[in-house]
Amino acid sequence: MEEYSIAAQVWKLSSCDMCELARNSVLMSGFSHKVKSYWLGPNYYKEGPEGNDIRRTNVPDIRLGYRNETMCEELNLITQAVRTEELESIEEEEDSLSMAPLPGPR
């Protein structure tokens with residue numbers, strides 16, 4: 001608990017921030033499914049607001065919805081970047097495998 005109160009003071013976290021931090025701590029912990037279900041609700045493993053029980057976590061659904069939406073958008077951007085990079089490397093490989101004469105002086 002001391003770490004939480006130090007974090008709240010240093011970073012000026014609101015009570016809602018602290019509840020979210022506590023919720024995420026339980027999610028990432030090594031606690032059993034049964035313990036996590038008790039503290040976070042029976043659907044804790046679902047993403048976004050669907051996995052939130054506000055009566056237990058005190059974290060608003062809209063906040064978890066925003067977090068989930070932002071994460072999905074970021075993962076989509078990363079996926080697009082990786083695919084673009086893969087396509088560019090394939091095109092470079094195809095160009096290097098060409099039977100055409102190499103440019104430059106002989």
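**Note on an all-helical predicted chain**

1. The structure holds 6 salt bridges, a salt bridge being a side-chain nitrogen of Lys or Arg within 4 Å of a carboxyl oxygen of Asp or Glu. This is a predicted model, in which local features need pLDDT of at least 70 and side-chain atom pairs count only at pLDDT 80 or more, while totals for chains, interfaces and linings use all residues. Residues are numbered from 1 along each chain as its sequence is written, and side-chain values use heavy atoms, with hydrogens and water left out.

2. Overall composition. The chain contains 5 helices and 0 strands, in the order α-α-α-α-α from the N terminus. Helices (H or I, at least four residues) and strands (E, at least two) are DSSP runs, numbered from the N terminus. Of the 106 residues, 19% count as buried; buried means under 20% relative accessible area, exposed over 50%, and partly exposed in between, with a 1.4 Å probe and protein chains only.

3. Surface and contacts. About 8,800 Å² of the chain is exposed, and carbon and sulfur atoms supply 59% of that area. Accessible areas come from the Shrake-Rupley method with a 1.4 Å probe, and for residues only the protein chains shown count as cover. Among contacts (heavy atoms within 4.5 Å) between residues at least 6 apart in sequence, 27% join residues at least 24 apart.

4. The salt bridge between helices 2 and 5. Arg63 is paired with Asp17, their closest N and O atoms being 2.2 Å apart. Arg63 belongs to helix 5 (residues 61–96) and Asp17 to helix 2, so this salt bridge ties together parts that are 46 residues apart in sequence. Asp17 is itself partly exposed, at a relative accessible area of 22%.

5. Asp53 and its two arginine partners. Asp53 forms a salt bridge with Arg55, with 3.1 Å between the closest N and O atoms. The side chain of Asp53 also meets that of Arg56 in a salt bridge, at 3.2 Å from N to O. Asp53 is buried, with a relative accessible area of 12%, whereas Arg55 is exposed at 74% and Arg56 is partly exposed at 42%. Elsewhere, salt bridges that share partners join Asp17, Glu20, Arg63 and Arg67 into one network.

6. The buried side of helix 3. Which residues of helix 3 are buried? They are Lys36, Ser37 and Leu40. These residues cover an arc of only 100 degrees around the axis, so they lie on the same side of helix 3; the arc is that of the directions from the helix axis to the C-beta atoms. In general, an α-helix has 3.6 residues a turn, so residues three or four places apart point the same way. The cover over the buried residues of helix 3 includes helix 2 (15–28) and helix 4 (54–57).

7. Ser37 in its setting. Ser37 is located in helix 3 (residues 33–40) and counts as buried because its relative accessibility is 16%. Apart from its neighbours within four places in sequence, Ser37 is in contact with Pro42, Tyr44 and Arg56.

8. The opposite face and the end of helix 3. The exposed residues Lys34, Tyr38 and Trp39 are carried on the face of helix 3 turned away from its buried side. Gly41 follows helix 3 and has a positive phi, near 110 degrees.

9. Aromatic pairs. The whole structure yields 2 aromatic pairs. The rings of Tyr38 and Trp39 have centres 5.0 Å apart and planes at 85 degrees, so this pair is edge-to-face. Tyr44 and Tyr45 also form an edge-to-face pair, at 5.7 Å centre to centre and 85 degrees between the planes. Rings of Phe, Tyr and Trp (its six-membered ring) pair if their centres lie within 6.5 Å; planes under 30 degrees apart count as stacked, over 60 as edge-to-face and the rest as tilted. Tyr38 is exposed at a relative accessible area of 57%, and Trp39 is exposed at 51%. In the other pair, Tyr44 is buried at 12% relative accessibility, while Tyr45 is exposed at 52%.

10. Cysteines. How many disulfides does the structure hold? There are 0 disulfides, a disulfide being a pair of cysteine sulfur atoms within 2.5 Å. For Cys16, the closest cysteine sulfur is that of Cys19, 6.5 Å away, which is too far for a bond. Cys72 counts as partly exposed, at 40% relative accessibility.
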